[in-house]
Amino acid sequence: VQLQASGGGLAQAGGSLTLSCVASETGGIMGWSRQAPGKMREWVAAISTPSNTNYASNVEGRFTISRDTAKKTVFLQMTSLKPEDTAIYYCYWRRHQFATQSWGQGTLVTVSS
């Protein structure tokens with residue numbers, strides 16, 4: 001599965017950014033993880049159906065994940081950004097809960113204070 005992420009960039013604290021990721025496959029579970037400099041990759045959010053979403057506690061209420069199934073695209077709308085949200089954001093796809101996960105190339109988000 002091929003995944004192409006985009007939408008990263010520079011934002012000020014309190015600002016917003018929206019990430020997009022296009023997959024070469026339909027359906028499945030799509031989501032985002034991130035890796036900050038010097039830290040391990042952490043899971044951010046996932047969506048399996050239009051209404052079945054899950055979030056890490058440190059982004060819930062600020063980030064919204066959604067998908068356009070027809071366009072095989074997942075979005076991550078990030079609001080109230082904090083400097084600690086600075087990271088490379090990776091989208092992923094897997095066919096079902098226990099399937100192998102495919103990763104996109106990552107897109108850098110930098111939040112300045």
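In what order do the elements of the protein run from the N terminus on?

1. They run β-β-β-β-β-β-β-β-β-β-β, so no surprise that the count is zero helices and eleven strands (DSSP runs: H or I of at least four residues for helices, E of at least two for strands, numbered from the N terminus).

2. Ground rules: this is a predicted model, where local features need pLDDT of at least 70, side-chain atom pairs count only at pLDDT 80 or more, and totals for chains, interfaces and linings use all residues. Residues are numbered from 1 along each chain as its sequence is written, and side-chain values use heavy atoms, leaving out hydrogens and water.

3. Buried residues (under 20% relative accessible area, with exposed over 50% and partly exposed in between; 1.4 Å probe, protein chains only) make up 41% of the 113 residues.

4. Now the salt bridges (a side-chain nitrogen of Lys or Arg within 4 Å of a carboxyl oxygen of Asp or Glu): the structure holds four. One of them pairs Arg95 with Glu25 at 3.5 Å, N to O. That pair links distant parts of the chain, 70 residues apart: Arg95 sits in the loop between strands 9 and 10, Glu25 in the loop between strands 3 and 4.

5. Have a look at Arg34 too. Arg34 meets Glu42 at 2.6 Å, N to O, and Asp85 with the closest N and O atoms 2.9 Å apart. Since Arg34 lies in strand 4 and Asp85 in the loop between strands 8 and 9, the latter pair ties together parts 51 residues apart in sequence. Shared partners join Arg34, Glu42, Arg62 and Asp85 into one network. Arg34 and Asp85 are buried, whereas Glu42 is partly exposed at 30%.
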